[in-house]
Structures are given as C-alpha cells and as structure tokens.
Amino acid sequence: MRKLIFVAGAAVGYVLGARAGRERYDQIADATRRFLDKPAVRNSMDTANQTGRQAAAAAAGAVVDRAGDRLPDPVVEKLREVRRTGRAEALEEDVA
C-alpha cells in the first residue's frame, strides 16, 4: 500500500511540476485512467475503502464509549450512526 501511495504521489508531483506541456499531461492522465480501470486496482481500492469505513466505525464507537457522556446528544447520535452503519459520510452531511 505504501508503494502505491508513493507512486501516486510521484505521478501527481510530476504532473503538477512538469513543463512538458499538455501532450505529456494527457499521456500521464490516460495512463492513470488505464491503471485505475484495472480490476486488481479497483479491488484494492474497494478493500481500502471498506477497511477505512470499519476503522471509522471502530473509532466512533471508542469515542462514544469513552466520552459519550461528555458530548452533546446530537454528536453522540451521529457517532452511534457511524458505528452502526460504518459510514462516516453521516458526519460530513451536517458539517457542510
């Protein structure tokens, strides 16, 4: 996973810093699209997404368990919803 993040960061850095022009940018963007369309990459991204959701649910549960009585009721309810559904988007809806 660290290698993938490094490669992605290097690609983004190159694209942002390159002075090779639009043609080279289009080549890199096309290669990136082809890479992201590979089934193995999609499966890895889905797995990482699911792992992140599980971690968010566990973290929300830990916060409710340890500090739930000191938090406002709407916050506790949102954290419980995250723990129950595993979806951190519930928190972002009210923030925006």
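A nonpolar surface patch, as the term is used here, is made of residues with over 30% relative accessible area and no salt bridge, whose nonpolar side chains are joined within 5 Å. The exercises below apply this and related terms to a predicted model.

**Exercise 1. Describe the overall make-up of the chain.**

Step 1. Begin with the secondary structure, which comes to 5 helices and 0 strands, so that, with helices written as α, the order of elements from the N terminus on reads α-α-α-α-α.

Step 2. Turn next to burial, for which the cut-off is under 20% relative accessible area; of the 96 residues in the chain, 16% are buried.

**Exercise 2. Determine which residues make the nonpolar surface patch of about 560 Å², and which elements give two or more residues to this patch.**

Step 1. The members of the patch are Met 1, Leu 4, Ile 5, Phe 35, Leu 36 and Met 45.

Step 2. When these residues are assigned to elements, α1 and α2 are found to give two or more residues to the patch.

Step 3. Met 1 deserves separate treatment, since its place is in the segment before α1. Exposed means over 50% relative accessible area, and Met 1 counts as exposed because its relative accessibility is 63%.

**Exercise 3. Characterise the largest pocket by its volume, its lining and the character of its lining residues.**

Step 1. The space in the largest pocket amounts to about 400 Å³, and among the 19 residues that line this pocket, those closest to its centre are Ala 8, Ala 11, Thr 32, Phe 35 and Leu 36.

Step 2. The lining can then be traced to helices: α1 (2-17), α2 (22-36) and α3 (39-67) each supply at least two residues, while the largest share, 9 residues, comes from α2.

Step 3. Sorted by character, the lining holds 15 nonpolar residues, 3 polar residues and 1 charged residue.

Step 4. A comparison with Exercise 2 links the two features, for Phe 35 and Leu 36 belong to the nonpolar patch and are also listed among the residues closest to the centre of the pocket.

**Exercise 4. Work through salt bridges of the model, giving for each pair the N to O distance and the place of the partners in a helix.**

Step 1. The principle is that side chains of opposite charge can pair when their charged atoms come close. A search of the whole structure finds 5 salt bridges, and three of them are examined here, including one in α2.

Step 2. In α2, Arg 33 pairs with Asp 30, with 3.9 Å between the closest N and O atoms; because the two residues are 3 residues apart in this helix, about one helical turn separates them. Asp 30 counts as partly exposed, since its relative accessibility is 33%.

Step 3. In helix α4 (residues 73-85), Arg 80 and Glu 77 stand 3 residues apart, about one turn of the helix, and their side chains form a salt bridge at 3.3 Å, N to O. Both partners are partly exposed, Arg 80 at 38% relative accessibility and Glu 77 at 46%.

Step 4. Helix α4 also holds Glu 81 and Lys 78, again 3 residues apart and about one turn of the helix, whose side chains meet in a salt bridge of 3.9 Å, N to O. With a relative accessibility of 27%, Glu 81 counts as partly exposed.

Step 5. Finally, shared partners have to be considered: Asp 30, Arg 33 and Arg 34 are joined into one network by salt bridges that share partners.

Note on methods. Residues are numbered from 1 along each chain as its sequence is written. This is a predicted model: local features need pLDDT of at least 70, side-chain atom pairs count only at pLDDT 80 or more; totals for chains, interfaces and linings use all residues. Side-chain values use heavy atoms; hydrogens and water are left out. On a 1 Å grid over the protein atoms alone, a cavity is a set of points where a 1.4 Å probe fits but cannot get out, and a pocket is an open set with protein on both sides within 12 Å along at least five of seven lines; lining residues have an atom within 4 Å of a point. Grid points are joined across faces, edges and corners, and a volume is the space filled by probe spheres set on the points. Helices (H or I, at least four residues) and strands (E, at least two) are DSSP runs, numbered from the N terminus. Ala, Val, Leu, Ile, Met, Phe, Trp, Tyr, Cys and Pro count as nonpolar, Asp, Glu, Lys and Arg as charged, and the others, Gly among them, as polar. Patches are made of residues with over 30% relative accessible area and no salt bridge: like charges are joined within 9 Å, nonpolar side chains (Val, Leu, Ile, Met, Phe, Trp, Tyr) within 5 Å. Accessible areas come from the Shrake-Rupley method with a 1.4 Å probe; for residues, only the protein chains shown count as cover. A salt bridge is a side-chain nitrogen of Lys or Arg within 4 Å of a carboxyl oxygen of Asp or Glu. Buried means under 20% relative accessible area, exposed over 50%, partly exposed in between (1.4 Å probe, protein chains only).
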